Amino acid sequence: MGKVVVTGLGVVSPIGVCVPAFREALFAGRSGIGPLTTVPTDRLSVRVAAEVRGYAPEDHFDPRRLALLDRISQFAVVAAREAVAMAGLAFSGSLAARTATVLGVGVGGIGTLDDSFHRLYAEQAARLHPFTIPRLMVSAPASHVTMEFGLTGPAFTASSACASAGHALATALMLLRAGMADVVVSGGTDAPLTLGTLKGWEAMRIVSPDTCRPFSRDRSGMVVGEGAAVLVLESEEHARARGAAVLAELAGAGMSADARDLTAPDAEGAARAMRLALDDAGLDAEDVPYINAHGTATAANDATEAQAIHAVFGGHARRLMVSSSKSMLGHALGAAGALEAVATVLALRHGVVPPTANFTEPDPACPVDAVPNEARSVPIRAALSNSFAFGGLNAVLAFRRVPDGPAGFP
Amino acid sequence: MDRTADDVLSIIADKGHVDRERLAYDARLADLSIASLDVIEIIFALEERFQIEIPFNANDARQEFDSVGDIVRAVEAEVAQRRVA
């Protein structure tokens with residue numbers, strides 16, 4: 001079975017709307033969390049979010065096309081453009097049909113739904129915009145990415161709440177291994193910052209009043225984010241044949257369901273997904289020096305994740321570096337696993353482990369080296385990226401460094 | 001028992017799926033098998049019933065409820081404050 005490699009990355013994130021800006025902030029430990037500005041807060045107790053800043057839709061799309069694009073689809077297309085350009089791919093001839101599109105979406109075009117229903121229920125509007133449905137459908141971002149590049153291979157959305165992008169990338173890996181595609185444009189996207197959605201999060205009582213401090217003793221909950229990340233995955237054979245710059249290997253994936261609780265995390269299910277990812281990648285626990293954690297900064301997730309890591313890695317767990325990029329990115333739900341996969345690939349490429357920002361003091365309930373506040377320059381050969389969703393749906397990706405990758409790129 | 005406390009206990013019994021007789025003030029929610037998801041549903045129902053906001057964050061031990069009495073006292077405090085306001 002041939003290897004699967006990463007040849008392109010693209011991001012739209014609270015810490016940068018392109019990979020170089022994203023990387024710089026990620027390695028500097030600069031958080032994108034701040035006051036909520038895109039939603040009126042007078043009826044919200046949630047006042048902070050990780051918003052994509054400095055993004056103007058009209059810089060990226062003409063007005064006619066924009067009418068069809070919910071924010072979630074805009075993010076996906078902008079991230080995909082960067083990833084495809086980085087991969088240096090042109091989808092002419094037979095490649096278009098051999099290229100699949102698999103995106104993770106947690107929530108979908110909720111901005112469109114929120115606006116439409118406000119018009120309908122509050123303003124008593126007689127009719128809704130005819131593009132309401134095509135904008136809000138959960139598969140719309142995947143459709144727009146196919147249309148952007150003329151990709152005619154298999155295309156669909158994977159949805160598993162906060163693990164959606166992890167499942168999308170795992171599915172992309174399987175498509176390539178099965179020989180059903182030569183290239184997969186994969187990742188995740190979500191734009192869930194609306195009044196209606198945030199009221200829902202508020203009611204769950206797990207959102208932080210100030211910021212996201214994963215694994216820290218004084219952590220106070222998650223921060224909702226938004227964004228998209230796209231990775232171009234290829235069979236190694238295809239990438240080498242066209243002389244592409246290979247950024248990393250997607251070496252394996254592990255998926256599991258807790259089958260227990262709709263909101264409470266479960267160490268056993270999480271541990272099982274990590275073990276499966278290691279096995280699938282042919283990695284021993286000691287081969288992995290770094291885990292990009294799910295790390296939401298809820299009391300329950302971080303303690304459970306730490307427990308699962310100890311169950312899988314045994315004595316090696318205390319030497320592992322375990323950082324959460326959500327301390328900077330917030331939790332972009334369906335995009336989270338893809339943004340974190342990009343962070344993991346960058347860590348491998350550059351030999352820099354991104355920190356957990358906003359960290360104040362260790363929590364005995366989370367006995368891991370969280371790489372507090374400052375990145376570490378240390379060459380790493382392999383890393384896991386964890387995604388554990390509400391509803392107990394888990395996806396873990398295993399990446400491996402490619403020794404002969406291009407220097408300093410991206 | 002005053003009316004407020006009586007209503008609070010009814011809501012805890014209903015949403016927590018616990019017999020009303022077991023709801024002593026010092027009874028711990030964990031011992032009553034009232035799970036975290038039940039607690040946020042109880043708080044939602046109490047906020048709706050009394051038109052109050054109960055400060056509660058599942059990540060913050062200082063704002064968490066350990067016992068039945070904790071919930072009753074929190075509601076009584078918010079209801080009293082609303083009367084003053």
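## Helices, cores and loops in a two-chain model

The buried residues of helix 11 of chain A pack against helix 10 (267-281), strand 9 (290-292), strand 10 (321-323) and strand 13 (382-388) of chain A. The model in which this packing appears is a predicted one. The buried residues of helix 11 of chain A are A:A299, A:N301, A:D302, A:T304, A:E305, A:A306, A:Q307, A:A308, A:I309, A:V312 and A:F313. Because 11 of its 15 residues are buried, helix 11 of chain A is largely enclosed by the rest of the structure. This helix, residues 299-313, reaches 22 Å from its first C-alpha to its last, which is close to the 21 Å expected at 1.5 Å a residue. Just after helix 11 of chain A comes A:G314, which takes a positive phi of about 55°.

Another helix of chain A can be described in a similar way. In helix 1 of chain A, which runs over residues 19-28, the buried residues are A:V19, A:F22, A:R23, A:A25, A:L26 and A:F27. Their cover includes strand 1 (4-12), helix 3, helix 12 (326-329), helix 13 (336-350) and strand 11 (352-353) of chain A. Just after helix 1 of chain A, the residue A:G29 has a positive phi of about 70°.

The nonpolar cores come next. In soluble globular proteins, nonpolar side chains tend to be buried together. The largest nonpolar core here has 140 residues, of which A:A79, A:A83, A:L169, A:A229, A:L231, A:V342 and A:L397 touch the most other members. Helix 3 of chain A, residues 71-87, gives the most to this core, with 11 residues. When neighbours within four places in sequence are left aside, A:V342 is in contact with A:L9, A:V11, A:A229 and A:L231. A second core, separate from that one, has 16 residues and includes B:V8, B:L29, B:I34 and B:I43.

How does helix 1 of chain B, at residues 3-16, compare with the span expected of it? At 1.5 Å a residue its 14 residues should span 20 Å, and the end C-alpha atoms are 20 Å apart, which agrees. The buried residues of this helix are B:V8, B:I11, B:I12 and B:G16. Because they cover an arc of only 105° around the axis, they lie on the same side of helix 1 of chain B. On the other side of helix 1 of chain B, B:R3 and B:D6 are exposed. The buried residues of helix 1 of chain B pack against helix 2 (36-50) and helix 3 (68-84) of chain B, and the helix is followed by B:H17, whose phi is positive, near 55°.

Where the two chains meet, 9 residues of chain B are in contact with 11 residues of chain A. The side of chain B that touches chain A has 5 nonpolar, 3 polar and 1 charged residues. As for confidence, the mean pLDDT of chain B is 89, with 95% of its residues at 70 or more, while the predictor gives the complex an ipTM of 0.75 and a pTM of 0.94.

Several loop residues of chain A are listed below with their burial.

| Residue | Burial | C-beta neighbours within 10 Å |
|---|---|---|
| A:G179 | exposed | 11 C-beta atoms within 10 Å |
| A:Q124 | exposed | 7 C-beta atoms within 10 Å |
| A:V371 | buried | 23 C-beta atoms within 10 Å |
| A:L69 | buried | 23 C-beta atoms within 10 Å |

A:G179 lies in the loop between helix 7 (164-177) and strand 6 (183-190) of chain A. Its C-alpha is 24 Å from that of A:V105, and A:G179 and A:V105 are 74 residues apart in sequence.

A:Q124, in the loop between helix 4 (110-122) and helix 5 (132-136) of chain A, has a positive phi of about 55° although it is not a glycine. A:V371 is not a glycine either, and its phi is positive at about 50°; A:V371 is found in the loop between strand 11 and strand 12 (376-377) of chain A.

A:L69 belongs to the loop between helix 2 (63-66) and helix 3 of chain A. Not counting residues up to four places away in sequence, A:L69 touches A:F61, A:Q74 and A:H144. A:L69 and A:A140 are 71 residues apart in sequence, and from C-alpha to C-alpha they are 8.3 Å apart in space.

Conventions
Residues numbered from 1 in each chain as written. Chains lettered and ligands numbered in written order. Predicted model: local features only at pLDDT ≥ 70, side-chain atom pairs only at ≥ 80, totals over all residues. Helix = DSSP H or I, 4+ residues; strand = E, 2+ residues; numbered from the N terminus. Expected span 1.5 Å × (residues − 1). Buried ≥ 20, exposed ≤ 12 C-beta atoms within 10 Å, placed from the backbone. Arc of directions from axis to C-beta. Contact = placed C-beta atoms within 7 Å. Core = buried A, V, L, I, M, F, W, Y, C linked by C-beta atoms within 7 Å. Nonpolar A, V, L, I, M, F, W, Y, C, P; charged D, E, K, R; others polar. pLDDT = per-residue confidence, 0-100.
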